[in-house]
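Let's look at a protein model together and ask how its labels are earned. Have the structure open while you read.

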Amino acid sequence: MPLNVLFSAPHARWDVYAAPLRNAFAKLGLDVRLSMEHAPAEVDYIVYAPNRVLQDFTPFTRARAVLSLWAGVEQIVGNETLSIPLARMVDPGLTRGMVEWVSAHVLRYHLGLDLDIRRDDAAWVYRTPPLASERSVVVFGLGALGLSVAKMLAQLGFEVTGWSRSPKDVPGIHCLHGQAGLSDALKRAEIAVLLLPDTRATENTLNASTLAQMPAGSFVINPGRGPLIDDDALLAALNTGHIAGATLDVFRTEPLPADHPYWAHPNVTVTPHIAAETRANTAALVIAENIKRSEKGESCHNLVDRRLGY
Ligand code: NDP
């Protein structure tokens with residue numbers, strides 16, 4: 001009997017994902033009826049991205065898992081009507097995009113590229129560019145994305161520290177964890193990259209007190225989630241120059257309101273939540289693989305821990 005897979009995401013996503021999902025199901029030998037309109041009681045799996053239509057999971061009595069198209073699951077993890085397994089997206093295409101986006105912004109700050117790009121005079125002033133080995137970068141969050149980013153930065157020669165909740169041992173990366181390791185991480189953060197999930201424990205990871213522990217003249221890059229930063233504290237640190245610049249891709253309110261001070265701040269770069277995007281062809285295979293595992297009685301990859309919120 002074919003499996004009924006519900007595609008529950010904003011309508012525009014259907015055109016992007018329908019064909020790649022059907023190809024991936026066929027490739028893995030899964031007989032699937034994919035639709036945006038299955039009757040809830042007949043659904044076996046739900047492919048999900050936050051949307052207004054599906055808020056109540058209780059009618060999905062037969063469903064065996066929700067497979068998120070997003071890596072960040074803060075909009076669904078607390079849904080009390082959801083009791084079946086929830087898998088977040090770990091997609092090689094998305095990871096690759098994040099590695100490229102972060103590397104570009106780290107190199108921009110490290111090399112001081114703005115000095116030349118924004119030059120408005122004819123000053124021919126020679127300077128010796130720094131080497132990556134002279135720059136200490138801290139990646140906050142060493143998960144699927146943070147770890148790949150940290151490894152790439154280490155490969156470029158940066159002195160890389162990673163901070164996570166649980167202890168880690170990664171060759172070439174100085175690993176710190178938990179509250180006990182936070183101060184040490186902050187002191188090393190000439191460039192801080194935030195790749196933490198949005199949970200109760202990570203809210204305001206960068207606040208007045210933690211920003212003050214970063215070296216004077218350091219930089220913040222946030223492709224994680226808006227609530228990781230206390231915005232007033234960051235603006236204050238930018239205004240004193242203690243934080244020399246920030247590149248922010250995610251915000252508490254998105255789109256970022258037109259009158260938000262970040263837009264006008266000379267040392268803030270705003271990007272519209274484009275650091276990394278789930279790529280349909282690679283993500284579809286991840287979804288199909290998880291359904292195949294579940295049908296064999298195995299647990300899905302990348303299950304969310306509801307207690308931790310990620
Ligand atoms: P993972 O769940 O794989 O990794 C999360 C990391 O954060 C883990 O290393 C985890 O530690 C660490 N962490 C969680 N809570 C804490 C805490 N309280 N203290 C210290 N460390 C903590 O997530 P991903 O790497 O896949 O994604 C990270 C985030 O990136 C997503 O949640 C999402 O918000 C964001 N994102 C942004 C995108 C964009 O376009 N801007 C695109 C995709 C994702 P441990 O390893 O010990 O569990």
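A salt bridge is a side-chain nitrogen of Lys or Arg within 4 Å of a carboxyl oxygen of Asp or Glu. Keep in mind that this model is predicted.

Q: What makes Arg 293 and Glu 298 a salt bridge?
A: Their side chains meet with N to O at 3.4 Å. The cut-off is within 4 Å, so the pair counts as a salt bridge.

Q: Why is Arg 293 called buried?
A: Buried means under 20% relative accessible area. Arg 293 has 18%, so Arg 293 is buried.

Q: Why is Glu 298 called partly exposed?
A: Partly exposed lies between the cut-offs of 20% and 50%. Glu 298 has a relative accessible area of 33%, so Glu 298 is partly exposed.

Q: How do you know that Asp 116 and Arg 127 form a salt bridge?
A: The N to O distance between their side chains is 2.9 Å. The limit is 4 Å, so the pair fits the definition.

Q: What makes this a link between distant parts of the chain?
A: Asp 116 is in helix α3 (residues 114-117), while Arg 127 is in the loop between α3 and β6 (136-140). The two are 11 residues apart.

Q: Are Asp 116 and Arg 127 buried or exposed, or something in between?
A: Asp 116 has 41% relative accessibility, and Arg 127 has 32%. Partly exposed runs between 20% and 50%, so both residues are partly exposed.

Q: How do you know that Arg 119 forms a salt bridge with Asp 121?
A: Their closest N and O atoms are 3.6 Å apart. That is within 4 Å, so the label applies. Arg 119 is partly exposed at 33%, and Asp 121 is partly exposed at 46%.

Q: How many salt bridges does the structure hold?
A: The structure holds 17 salt bridges. There is also a network of salt bridges that links Asp 44, Arg 62, Arg 64 and Glu 295.

Let's turn to a residue in a loop.

Q: Why does Phe 251 count as buried?
A: Phe 251 has 9% relative accessibility, and buried means under 20%, so Phe 251 counts as buried. Phe 251 is found in the loop between β11 (243-248) and α8 (261-264).

Q: Which residues is Phe 251 in contact with, leaving aside its neighbours within four places in sequence?
A: Contact means heavy atoms within 4.5 Å. By that rule, Phe 251 is in contact with Gly 226, Leu 256, Tyr 262, Val 270 and Thr 271.

How values were computed: Residues numbered from 1 in each chain as written. Predicted model: local features only at pLDDT ≥ 70, side-chain atom pairs only at ≥ 80, totals over all residues. Heavy atoms only, no water. Helix = DSSP H or I, 4+ residues; strand = E, 2+ residues; numbered from the N terminus. Buried < 20%, exposed > 50% of the residue type's maximum accessible area, 1.4 Å probe, protein only.
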